[in-house]
Amino acid sequence: MLSRVANSLYWMSRYIERAENIARIVDVNLQLLLDLRDLNEKRLAEHWLPIVQTTGDEEQFFTLHKKATAKNVTEFLVFQMENPNSIVSSICQARENARMVRDQITVELWEELNRIYWFVRGTEARKVWKESPSEFFQQIKAGSLHIIGLTDATLIHNEGWWFAQAGKFLERADKTSRILDLRYQTLPEKGAPKSVSQEDALEWSAILRSCSAWDAYKSINGAEVNPTLVAEFLLLNEEFPRSVEFCVAELNRALRRISGVGENKFCNAAEKLAGRLVAELQFTTIDEIFDQGLHQYLDVLQLKLNNIGAELFNAYIFQQFNNLEDEIMVQQEEQQQQARLI
Amino acid sequence: MLENRETMMQMFPELFHLNKVRPVEDYPKTLRQSLASLAPPGCSGKPRVAVLTPGIFNSAYYEHSFLADMMGVELVEGSDLRVVDGKVKMRTTRGYEAIDVLYRRVDDDFLDPMTFRPDSALGIPGIMDVYKAGNITIANAPGTGIADDKAIYSYMPDIVEFYTGEKAILQNVPTWRCSDPDSLKYVLDNLADLVVKEVHGSGGYGMLIGPTSSRKEIAAFRDKLIARPGNYIAQPTISLSRHPTHVNDGLFEGRHIDLRPFVLYGEKIVTVPGGLTRVALRKGSLVVNSSQGGGSKDTWVLYGDE
């Protein structure tokens, strides 16, 4: 399979997963505000700034906005095209990647991607957003889940499909870890918190709901919500499909299906790192994680995930790609070429 | 051609039973065989064929992708390819794989930034060296674009006679090369009755259709012609055939058409029993080019009574 094609399939599904997760994060935080009392400006900034930090785009945010207000943050994360990771940007990039491999995906998948693309690009999205943000996020999540379902049920599960899987699970593992990191400032630097206020508990259950994890969590831990149990569930549960351990295990499986190499061996650095991370997650306890500090642990975890992505790129895709200026020129030249019909 | 046929077969299947229409669906297979037969002599095993497209921003990208799909070969862009060990190779998830025959839909100028336009980002640096060393076949070969030059057309009867020793069966449209002073004088004297085209023009642009142009337009074109006569050829206005064409509200009217046949030259020459009939959708217009609102029609060759 052409590397460019594998790369496009990988990013198509990664960007869709990204759009969905951003929708989850913003949705739950908007709802959470309804539960919080005492909303002075300082308190609000404390609420919204970590959400920008979660996405790793703080620098970009402050080049566009002065203050982390609800309006600025949601605009930045949802609509702003200047933010390459906003929901709308992500959907555009997912579609762009799909367009490049139009012959590798199914009509059903293409049409659904197109539908959601035209929804966010048209006037309809703003209208829905204005009337009910949660309805808007519902549509984004439903669109993404529909696309994931179509990818699963209509695409042939060949090499390219496994690249799409790898992209999806890598993105999901990363986003779950970032969502979990949302309230790190309320935690002690090292060790688990001694007591949990009612407000804290609300915020930690918001984190669970961001990951659609509320029901699954309750079935295991009952109604008690505290940072240790939430972190354990979202990091180390091996059956919940959005937990980091589950996602990394699936990522590892996808990598091995691509190369055909067995679980206890590796043939490239991506497999080595993924295999190692799976083992690490399997043989770690939540107490050990809190001993070194949750935030610290998540930082390192995200770095490891990034490295797996980078090594996957090196192993399968790397080829000198054009920079942006060249890219613009390429597009102009493409258009200039004579069009002949067959 | 292929999509026109598919649409017609879906909408009017009974017509195809009644009329014994020869199929065109072999075209991708035949094209692939023709391409494979052109593989360089050093190629061992099954030749690897790929279609080179400028990319998704080209208006014909869909055609390229469709054709590659139908032929079952890779659709590649310049950025997928690089020269490795004297061969042109494509970057795959299993490493670099050599290509033997490249069916390119990228213009000559853009093929190799090291040989042609240095600023081209669509091409493959060094591909012309591989080509010259005989390690890849490029189809159509670089330079064949000269056949698109309209002045070449005026030599066709001579070319046919030179290569076959026989007179051409199909008549040429009389063509004046304006580079020739006598021809130029004739063309200037009869500008209002002639069609004048740029030799390297395409898509129906940069041309004058004398009979339908205003005096002002003709005068302006006359200046251009005098300034660069070698840049133009002239032909009498051909009355293209007309064909009943659905215009709107169930109404059919005559519209001008021309025919673009498909001829493949590999081991032998194969003429596809069909083609692309291009139609000028505007009333009275002689411009059939798709880039100027022309349409197309499915074209049938019948089995006859054999």
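This tour moves through the two chains of a predicted model, naming at each stop what to select and what is found there.

**Stop 1: the helix pair α9 and α13 of chain A**

Select residues 159–180 of chain A, which form helix α9, together with residues 244–259, which form helix α13. The axes of these two helices come within 8 Å and cross at roughly 160 degrees. Angles over 145 degrees count as roughly antiparallel, and α9(A) is therefore roughly antiparallel to α13(A). The crossing of α9(A) past α13(A) is left-handed.

To display the contact, show the side chains on both helices. On α9(A), the residues that meet α13(A) include A:W162, A:F163, A:A166, A:F169, A:L170 and A:A173. On α13(A), their counterparts include A:V244, A:C247, A:V248, A:L251, A:A254 and A:L255. Charged residues also take part, among them A:E159 and A:R172 of α9(A) and A:E250 and A:R257 of α13(A). The residues of this contact divide into 13 nonpolar, three polar and four charged.

**Stop 2: A:A166 and the largest nonpolar core**

Keep A:A166 selected and extend the view outward from it. Leaving out residues up to four places away in sequence, A:A166 touches A:Y10, A:L251, A:A254, A:L255 and A:L312. Which residues have the most contacts inside the largest nonpolar core? They are A:A166 and A:L251, in a core of 128 residues. The largest share of this core, 14 residues, is contributed by α1(A).

Apart from this core lies another one, of 10 residues. To find it, turn to chain B and select B:W176, B:C178, B:L194 and B:I233, which are among its members.

**Stop 3: A:S8 in helix α1 of chain A**

Return to chain A and select residues 3–35, helix α1, and within it A:S8. Is A:S8 buried or exposed? It is buried, because 26 other C-beta atoms lie within 10 Å. Beyond its neighbours within four places in sequence, A:S8 is in contact with A:N97, A:M100 and A:V101. Adding A:S90 to the selection gives a residue 82 positions from A:S8 in sequence and 13 Å from it in space, C-alpha to C-alpha.

**Stop 4: the helix pair α14 and α16 of chain A**

Next, select residues 269–282 (helix α14) and residues 294–317 (helix α16) of chain A. These helices pack at an angle of about 155 degrees, with their axes 7 Å apart. They are therefore roughly antiparallel to each other, and α14(A) passes α16(A) in a left-handed crossing.

The contact is made from the α14(A) side by A:A269, A:A270, A:L273, A:A274 and A:L277. From the α16(A) side it is made by A:K304, A:N307, A:I308, A:E311, A:L312 and A:A315. Of the residues in this contact, eight are nonpolar, one is polar and two are charged. A:L312 links this stop to an earlier one, being among the residues that A:A166 touches.

**Stop 5: chain B as a whole**

Now display chain B alone. It holds 10 helices and 17 strands, and its C-alpha atoms fill a box of roughly 65 × 55 × 45 Å along the principal axes. Of its 306 residues, 29% count as buried. Among the contacts in chain B with a separation of 6 or more, 56% are between residues 24 or more positions apart.

**Stop 6: helix α3 of chain B**

Select residues 27–36 of chain B, helix α3. Its buried residues are B:Y27, B:L31, B:R32, B:S34, B:L35 and B:A36. What covers them includes helices α1 (2–11) and α4 (61–71) of chain B. Strands β1 (49–52), β6 (101–104), β7 (137–139) and β14 (263–265) are also included in that cover.

**Stop 7: backbone features of chain B**

Most residues other than glycine have a negative phi, and most peptide bonds are trans. Three places in chain B merit inspection on this account.

- Select B:A139 and B:N140, which are joined by a cis peptide bond with omega of about -5 degrees. B:N140 lies in the loop between β7 and α7 (150–153).
- Select B:D85, in the loop between β3 (81–84) and β4 (87–92). Its phi is positive, near 50 degrees. B:D85 counts as exposed because it has 9 C-beta neighbours inside 10 Å.
- Select B:D249, in the loop between β12 (242–246) and β13 (252–260). Its phi is positive, about 50 degrees, although it is not a glycine. B:D249 is exposed, with 5 other C-beta atoms within 10 Å.

Conventions:
Residues numbered from 1 in each chain as written. Chains lettered and ligands numbered in written order. Predicted model: local features only at pLDDT ≥ 70, side-chain atom pairs only at ≥ 80, totals over all residues. Helix = DSSP H or I, 4+ residues; strand = E, 2+ residues; numbered from the N terminus. Buried ≥ 20, exposed ≤ 12 C-beta atoms within 10 Å, placed from the backbone. Contact = placed C-beta atoms within 7 Å. Axes fitted to C-alpha atoms, helices over the stretch in contact; angles between N-to-C directions. Parallel < 35°, antiparallel > 145°, perpendicular 65-115°, else oblique. Left-handed = near helix turned anticlockwise from the far one by under 90°. Core = buried A, V, L, I, M, F, W, Y, C linked by C-beta atoms within 7 Å.
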